[in-house]
Amino acid sequence: MKHLANVLYITTPETYLSLDGENVVIQKDEHTSTRLPLHNIENIVCFNWQGASPALMGACVEQNIGLTFLAPSGRFLARVTGQVKGNVLLRRKQFQVAENEAQSVPIAASFLLGKLSNCRKVIERALRDHAMLVNVEALSSASAFLKETLKVIPSCQSTADLMAFEGSAAKAYFNVFDHLILQQKNEFYFKERNRRPPLDNMNALLSFLYALLTNECVSALETVGLDPFVGFLHTNRPGRPSLALDLMEELRPVFADRLALSLVNRHQVTEKGFTPKESGGILMDDETRKTVITAWQERKKEEIIHPFLKEKIPFGLIPHIQALLLARHLRGDLDAYPPFFWG
């Protein structure tokens, strides 16, 4: 079983990373601020503009440590990768299945079943925990719509049909998302999903969390030997991690949406941490990013019983477990890909 190792997040834009022996050195204004041993690190995620030394990049590649560069807003910029490794037979099987719609649709349907079920769980938990504060009629209606859509997903015969149901389900879910925001309603609201750039505080928070989750999914898929850019549900495009986006569908409600709502409803983030830019977009400040990342890391340490494996695991290992189950299905060890259903 894989162990949950540390992820080093660099949130200060002016920092520079270098290598000293077997340590990563974090420097700011030509002064060393932190020195950490590489063997304790699984991933390095940088929100800095200064970058990293080639020596550190080489060490990360050699030791299979992910090194990703994001803009301060969370937008993906680049990832350091070395020689292509992994199981070539597994990748060939992945490519063959991705080209065969009859074989890829059941996998894509599993991703959607996980997504719709977990979106519904987010709504149902709000109804259970905050019945006196939420719009019960609107949330119950959305939950019922998702429940009915779940019934028809398994019978879909094409990716186009799946995407049509995904679109209507996402619309129903996001139409009531604002009802799940219980505090700071004037500062955090949700009218529609917008990005590049996000145009309000809530979308800025969601986009940042989605960027963190994308990185986790890409790393998980690469670790088990799959190509994160060849998907079964999302259309393949140059530079687009389609399989990571597929995997994200089922994880987004429980990893990102639920955490974003908790951060706002518990006043862990406030309006002061979000700055409107001349472009109309919203940018989180450094302190708010640190708050969000701390909450993200704490969430990953929580333990759950995985619904398929029936084993207790840290929450943060779920992307890796799901990637592993997908690889086992493609190898023929499992009859179908079991999506993650949040309990």
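# Exercises on a predicted model

His267 is partly exposed, with a relative accessible area of 44%. Keep in mind that this is a predicted model. Let us work through some exercises together.

## Exercise 1: Two residues with a positive phi

Task: Find where His267 lies and what its phi is, then do the same for Lys310.

Solution.

Step 1. Look for His267 in the loop between α7 and β8 (274–276).

Step 2. Check the backbone: His267 is not a glycine, yet its phi is positive, about 60°.

Step 3. Move on to Lys310, in the loop between β10 (303–305) and β11 (312–314). Its phi is near 60°, again a positive value in a residue other than glycine.

Step 4. Is Lys310 buried or exposed? Its relative accessible area is 62%. Exposed means over 50%, so Lys310 counts as exposed. His267, at 44%, is partly exposed.

## Exercise 2: Reading an open sheet

Task: Work out the strand order of the open sheet of 4 strands, and say which strands are at the edges.

Solution.

Step 1. Write down the order, which is β1-β5-β6-β7, with mixed pairing.

Step 2. Pick out the edge strands. These are β1 (6–10) and β7 (76–80), each of which pairs on one side only.

Step 3. Add the twist, which averages 20° from one strand to the next.

Step 4. Follow the pairing of β1 with strand β5 (residues 41–46): the two run in the parallel sense over 5 bridges. You can check two places here: Leu8 has Ile44 in β5 as its bridge partner, and Tyr9 stands opposite Val45 in β5.

Step 5. Go on to β5 and β6, which also pair in the parallel sense, over 4 bridges. Here Asn43 has Gly66 in β6 as its bridge partner.

Step 6. Why is β5 described as largely enclosed by the rest of the structure? Of its 6 residues, 6 are buried, so the description fits.

Step 7. Finish with the helix on the sheet. Helix α1 (residues 54–62) lies across β5, β6 (66–70) and β7, and runs at about 130° to β6.

## Exercise 3: Comparing two helix pairs

Task: Describe how α3 packs with α4, and how α7 crosses α8.

Solution.

Step 1. Start with helix α3 (residues 101–129) and helix α4 (residues 136–152). Their axes are 9 Å apart and the packing angle is about 155°. Angles over 145 degrees count as roughly antiparallel, so α3 is roughly antiparallel to α4.

Step 2. Note the handedness: α3 and α4 make a left-handed crossing.

Step 3. List some contacts. Among the residues that meet are Leu113, Leu116, Ile123 and Leu127 in α3, and Val136, Leu139, Leu146 and Leu150 in α4. By class, this contact has 11 nonpolar, 4 polar and 3 charged residues.

Step 4. Turn to helix α7 (residues 242–265) and helix α8 (residues 286–301). Their axes come within 11 Å and cross at roughly 125°. The two helices are therefore oblique to each other.

Step 5. Give the handedness here too: the crossing of α7 and α8 is right-handed.

Step 6. Find the residues in contact. From α7 come Val254, Phe255, Leu259 and Leu263, and they meet Val292, Ala295, Trp296 and Arg299 in α8. By class, there are 7 nonpolar, no polar and 1 charged residues in this contact.

## Exercise 4: Neighbours in space

Task: Find which residues Asn265 touches, not counting residues up to four places away in sequence, and how many residues separate Ser168 and Leu146 along the chain.

Solution.

Step 1. Locate Asn265 in helix α7. This residue is partly exposed, with a relative accessible area of 22%.

Step 2. Leave out residues up to four places away in sequence, and the residues that Asn265 touches are Leu180, Ile181, Leu182 and Gln183.

Step 3. Look at one of these pairs: Asn265 and Leu180 are 85 residues apart along the chain, while their C-alpha atoms are separated by 8.9 Å.

Step 4. Now take Ser168, in helix α5 (residues 159–175). Its relative accessible area is 27%, which makes Ser168 partly exposed.

Step 5. Ser168 and Leu146 are 22 residues apart along the chain, and 9.2 Å separates their C-alpha atoms.

Definitions and conventions
Residues are numbered from 1 along each chain as its sequence is written. This is a predicted model: local features need pLDDT of at least 70, side-chain atom pairs count only at pLDDT 80 or more; totals for chains, interfaces and linings use all residues. Side-chain values use heavy atoms; hydrogens and water are left out. Axes are lines fitted to C-alpha atoms, for helices over the stretch in contact, and angles run from 0 to 180 degrees between N-to-C directions. Angles under 35 degrees count as roughly parallel, over 145 as roughly antiparallel, 65 to 115 as roughly perpendicular and the rest as oblique. A crossing is left-handed if the near helix is turned anticlockwise from the far one by less than a right angle, and right-handed if clockwise. Contact means heavy atoms within 4.5 Å. Ala, Val, Leu, Ile, Met, Phe, Trp, Tyr, Cys and Pro count as nonpolar, Asp, Glu, Lys and Arg as charged, and the others, Gly among them, as polar. Two strands pair if DSSP finds at least two bridges between them. Buried means under 20% relative accessible area, exposed over 50%, partly exposed in between (1.4 Å probe, protein chains only).
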